[in-house]
Amino acid sequence: MAWIFLLVAAFFEVLFAMGMKYAEGFTRPWPSLLVVVAAVAGIWFLTLSMRVLPVSIAYPIWTAFGTLGTVLLGFLLLGEALTPTKLVSVVLIVIGVSGLR
């Protein structure tokens with residue numbers, strides 16, 4: 001169950017990051033509310049996962065999944081460039097987190 005909590009936490013981490021873009025500096029109320037709710041939910045589910053998983057595993061995986069999801073959605077939804085440097089960096093993040101497991 002801890003791994004499911006961690007995946008849900010990562011989902012909210014991506015929602016939080018993407019919501020910040022749409023909140024436009026907290027000037028738009030609904031996206032701003034989404035940012036706050038996603039931040040609280042992400043940390044809550046991360047905390048639930050850390051009841052079982054060590055912090056040295058859970059936190060890096062949470063941030064890595066958040067990073068990967070945000071890079072992917074930035075490309076798909078916001079038209080951000082997916083450069084070779086970004087791709088190599090994403091691969092390095094995956095390798096680094098895999099080494100922790």
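# A tour of a four-helix model

Start by selecting R101: once neighbours within four places in sequence are set aside, R101 is in contact with W3 and I57. Keep in mind as you click around that this is a predicted model. R101 sits in the segment after α4. Colour by accessibility and R101 shows up as exposed, because its relative accessible area is 65%, and the cut-off for exposed is over 50%. Now add P60 to the selection. R101 and P60 are 41 residues apart along the chain, and their C-alpha atoms are separated by 9.9 Å.

**Zoom out: the whole chain**

Switch to a cartoon view. You will find four helices and zero strands, in the order α-α-α-α along the sequence. Show the C-alpha trace alone, and its extent along the principal axes is about 40 × 35 × 15 Å. Of the 101 residues in the protein chain, 32% are buried. If you like contact maps, here is a number for yours: take the contacts between residues at least 6 apart in sequence, and 65% of them join residues at least 24 apart.

**Stop one: α1**

Select residues 2-23, which form α1. Try a distance between the two end C-alpha atoms: they are 31 Å apart, which agrees with the 32 Å that 22 residues should span at 1.5 Å a residue. Next, show side chains for the buried residues of α1, which are A2, L6, A9, A10, F12, E13, V14, A17, M18, G19 and A23. What do these buried residues pack against? Display the neighbouring helices and you will see α2 and α3 there.

**Stop two: the loop after α1**

Move on to E24, which follows α1 and belongs to the loop between α1 and α2. Its backbone deserves a look: phi of E24 is near 50°, a positive value in a residue other than glycine. As background for that torsion, most residues other than glycine have a negative phi. Then select F26, in the loop between α1 and α2. Phi of F26 is positive as well, near 60°, and F26 is not a glycine either. Is F26 buried or exposed? With 53% relative accessibility, F26 counts as exposed, because the cut-off is over 50%.

**Stop three: where α2 meets α3**

Select 29-49 for α2 and 55-78 for α3. The two helices pack at an angle of about 150°, and their axes are 10 Å apart. Their crossing is right-handed. To see the contact itself, show G42, I43, L46 and S49 from α2 together with A58, Y59 and W62 from α3. Sorted by class, the contact of α2 with α3 holds five nonpolar residues, two polar ones and no charged ones.

**Stop four: the nonpolar core**

Which residues have the most contacts inside the largest nonpolar core? Select L6, L46 and W62 to find them, within a core of 17 residues. At least two residues of this core come from each of α1, α2 and α3. Such grouping has a general background: in soluble globular proteins, nonpolar side chains tend to be buried together. Centre the view on L46 and list its contacts, leaving out neighbours within four places in sequence: L6, A9, A58, Y59 and W62.

**Stop five: along α3**

Go back to α3 for another distance. Its end C-alpha atoms are 32 Å apart, in agreement with the 34 Å that 24 residues should span at 1.5 Å each. The buried residues of α3 are I57, A58, I61, W62, A64, G66, G69 and G74. Among the elements that cover them are α1, α2 and α4. Just past the end of α3, select G79, where phi is positive at about 70°.

**Last stop: α4**

Select 84-100 to bring up α4, then pick I93, which lies in this helix. I93 is partly exposed, because its relative accessible area of 29% falls between the 20% and 50% cut-offs. Not counting residues up to four places away in sequence, I93 touches A64 and T67. For a final distance, pair I93 with P29: the two are 64 residues apart in sequence, and 33 Å lie between their C-alpha atoms.

Note on methods
Residues are numbered from 1 along each chain as its sequence is written. This is a predicted model: local features need pLDDT of at least 70, side-chain atom pairs count only at pLDDT 80 or more; totals for chains, interfaces and linings use all residues. Side-chain values use heavy atoms; hydrogens and water are left out. A nonpolar core is a set of buried Ala, Val, Leu, Ile, Met, Phe, Trp, Tyr and Cys residues joined through side-chain atoms within 4.5 Å. Buried means under 20% relative accessible area, exposed over 50%, partly exposed in between (1.4 Å probe, protein chains only). Contact means heavy atoms within 4.5 Å. Axes are lines fitted to C-alpha atoms, for helices over the stretch in contact, and angles run from 0 to 180 degrees between N-to-C directions. A crossing is left-handed if the near helix is turned anticlockwise from the far one by less than a right angle, and right-handed if clockwise. Ala, Val, Leu, Ile, Met, Phe, Trp, Tyr, Cys and Pro count as nonpolar, Asp, Glu, Lys and Arg as charged, and the others, Gly among them, as polar. The expected span of a helix is 1.5 Å times one less than its number of residues.
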